[in-house]
Structure formats: structure tokens, C-alpha cells
Amino acid sequence: MPETARPSPWVLRFALLVPAGAAVLDLACGSGRHAGLFLERGHPVCAVDRDPARLRELPPAPGLEVVQADLEDGSPWPLGERRFAAVVVTNYLHRPLFPAILAALAPQGLLIYETFARGNEVLGRPTCSDHLLAAGELLEVVEGRLQVVAYEHGRVERPRPAIIQRLCAIAGPAPVALPD
Ligand SMILES: C[S@@+](CC[C@H](N)C(=O)[O-])C[C@H]1O[C@@H](n2cnc3c(N)ncnc32)[C@H](O)[C@@H]1O
């Protein structure tokens, strides 16, 4: 399996914090590398993408719900009032969605986010500032709303050189047991 098709180490690490059997939202899921991870771990998964065709590569799983939706065309948030024990967003950024993403977290819900940040434009795609986080931006998004469990911002070499920012934060005050 190509490295880009494997789950992100960041998501793998914090997946351990999601309570057994609790529902997970994989937003802009692509081929479902994280939907597949959580399905394997026994979670029901709602996978949203405007082009969910690549999810067909996942093994059939009764816990998988696929929602086809364009998240940027001005339509209402496709998931209504639904709440999830974890919302996973990787390699995708559409800033107007931040309020809906936070609102989709159940009490004690986890936001696991990882995407490209400014400086990436000299290394590869994405290059447009609309798709690149500013330093500290994810921290600002969750400030006063979620408790930050972990945050990183910097250059990675794998699966390819990139500038990324990543955050795990929880919708509740209780300390979490940090995974290794
Ligand atoms: C770079 S891929 C990331 C896929 C996945 N999250 C991952 O990390 O493997 C970005 C995904 O965002 C989806 N996407 C882009 N624009 C979208 C939109 N307007 N509405 C819904 N999904 C969108 C694409 O179809 C694609 O699957």
C-alpha cells in the first residue's frame, strides 16, 4: 500500500482516545483511509465527500455510512444536528466549515485535524493560501471551545516533504490519558 494511502500517524495516535463503539465523522474522506481505520476498530463511521467513489476501495462494512455532499457550495451542513465522538479532517481545509465542525462534536468529542500550512507552497500542492493554515490557526479555531490535547506545526518528510499543522482537541474539561 502506498504511504499516502495509509492512515496518518497523527490520526492513528489519537484514534486510541475515541471510546469503543462511538461514532466517528471522516470529513472530506477521500479514499477513506481514516474511515477504514475506525471501521476496523469497530466504530460506526460517517464518511462525507463530494466524490465518495474512491470509498469503494474499502472492504464492505455495515458500520459505514457514506454521505455525498459538496461542503463548499453554500448548501446547509449535510449532517444537521448530528454529533460524533470524533471528527477527523485530514488534508482538507474550508474555513467556513469550522463552526459546523466544532458543533458536530459530542460532549467529550475529539477533533483530530491535520492539514497543510503556509510554507507548503514551495514544496508542493496545495499552494493556494485558502488551503494553507496560518501558524497557530487551529489553536485559534478551538480556543475557548475545546481543550487542546496536542498541537504540532512544522515540516515533515513523509509521505512527502510538506509543511503541516495538526491538532487533537477535546470537547470537555477532563484530562485525557495521553497515548504514546
Ligand atoms: C486531499 S483529499 C484528502 C482525503 C482524505 N481526508 C485523506 O486525507 O486521505 C481532499 C478531499 O476533499 C474532498 N473535497 C474537496 N472539495 C470538497 C467539497 N467542496 N466538498 C466535499 N468534499 C470535498 C475531495 O473530494 C477529496 O476527497
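**A seven-stranded sheet and its salt bridges**

Glutamate 137 is buried, with a relative accessible area of 12%, where buried means under 20% relative accessible area, exposed means over 50% and partly exposed lies in between, as judged with a 1.4 Å probe and the protein chains only. The structure is a predicted model, in which local features need pLDDT of at least 70 and side-chain atom pairs count only at pLDDT 80 or more, while totals for chains, interfaces and linings use all residues. Residues are numbered from 1 along each chain as its sequence is written, and side-chain values use heavy atoms, with hydrogens and water left out.

The side chain of glutamate 137 meets that of arginine 95 in a salt bridge, at 2.5 Å from N to O; a salt bridge is defined here as a side-chain nitrogen of Lys or Arg within 4 Å of a carboxyl oxygen of Asp or Glu. The pair links distant parts of the chain, since glutamate 137 lies in helix α4 (residues 137-142) and arginine 95 in the loop between β4 (84-90) and α3 (98-103), 42 residues apart. Helices (H or I, at least four residues) and strands (E, at least two) are DSSP runs, numbered from the N terminus. Arginine 95, unlike its buried partner, is partly exposed, with a relative accessible area of 26%.

The protein chain as a whole contains four helices and seven strands, and from the N terminus on its elements run α-β-α-β-β-β-α-β-α-β-β. Its radius of gyration is 15 Å, close to the 16 Å that the globule rule gives for 180 residues, so the chain is as compact as a globular protein of that length; the radius is taken over C-alpha atoms, and the rule is 2.2 Å times the number of residues to the power 0.38. Along its principal axes the C-alpha trace spans about 40 × 40 × 35 Å. Of the 180 residues, 48% are buried. Among contacts (heavy atoms within 4.5 Å) between residues at least 6 apart in sequence, 55% join residues at least 24 apart.

The strands form an open sheet of seven, in the order β3-β2-β1-β4-β5-β7-β6, with mixed pairing; two strands pair if DSSP finds at least two bridges between them. The edge strands, each of which pairs on one side only, are β3 (64-68) and β6 (147-156). Strand β6 runs antiparallel to strand β7 (residues 162-170), and nine bridges join the two. Histidine 153 stands opposite glutamine 165 in β7.

Salt bridges also involve strands of this sheet. Side chains of opposite charge can pair when their charged atoms come close. The structure holds six salt bridges, and among them is the one in which the side chains of glutamate 114 and arginine 166 meet at 3.0 Å from N to O. Glutamate 114 lies in strand β5 and arginine 166 in strand β7, so this pair ties together parts that are 52 residues apart in sequence. Arginine 166 also forms a salt bridge with glutamate 152, the closest N and O atoms being 2.8 Å apart. Glutamate 152 lies in strand β6, so its pairing with arginine 166 in strand β7 ties together parts that are 14 residues apart in sequence. Glu114, Glu152 and Arg166 are thus linked in a network of salt bridges. Within this network, glutamate 114 is buried, arginine 166 counts as buried at 17% relative accessibility, and glutamate 152 counts as partly exposed at 35%.

Phenylalanine 116 also lies in strand β5 (residues 105-116) and is buried, with a relative accessible area of 12%. Not counting residues up to four places away in sequence, phenylalanine 116 touches ten residues named here in full, Asn91, Arg125, Pro126, His131, Leu132, Leu133, Arg160, Ala162, Ile163 and Ile164. The C-alpha atoms of phenylalanine 116 and isoleucine 163 are separated by 5.7 Å, although these residues are 47 apart along the chain.

Helix α2 (residues 33-40) is mostly covered, with seven of its eight residues buried; these are Arg33, His34, Ala35, Gly36, Leu37, Phe38 and Leu39. The buried residues of α2 pack against α1 (9-15), β1 (24-27), β2 (45-49), β3 and β4. Just after α2, glycine 42 takes a positive phi of about 90°.
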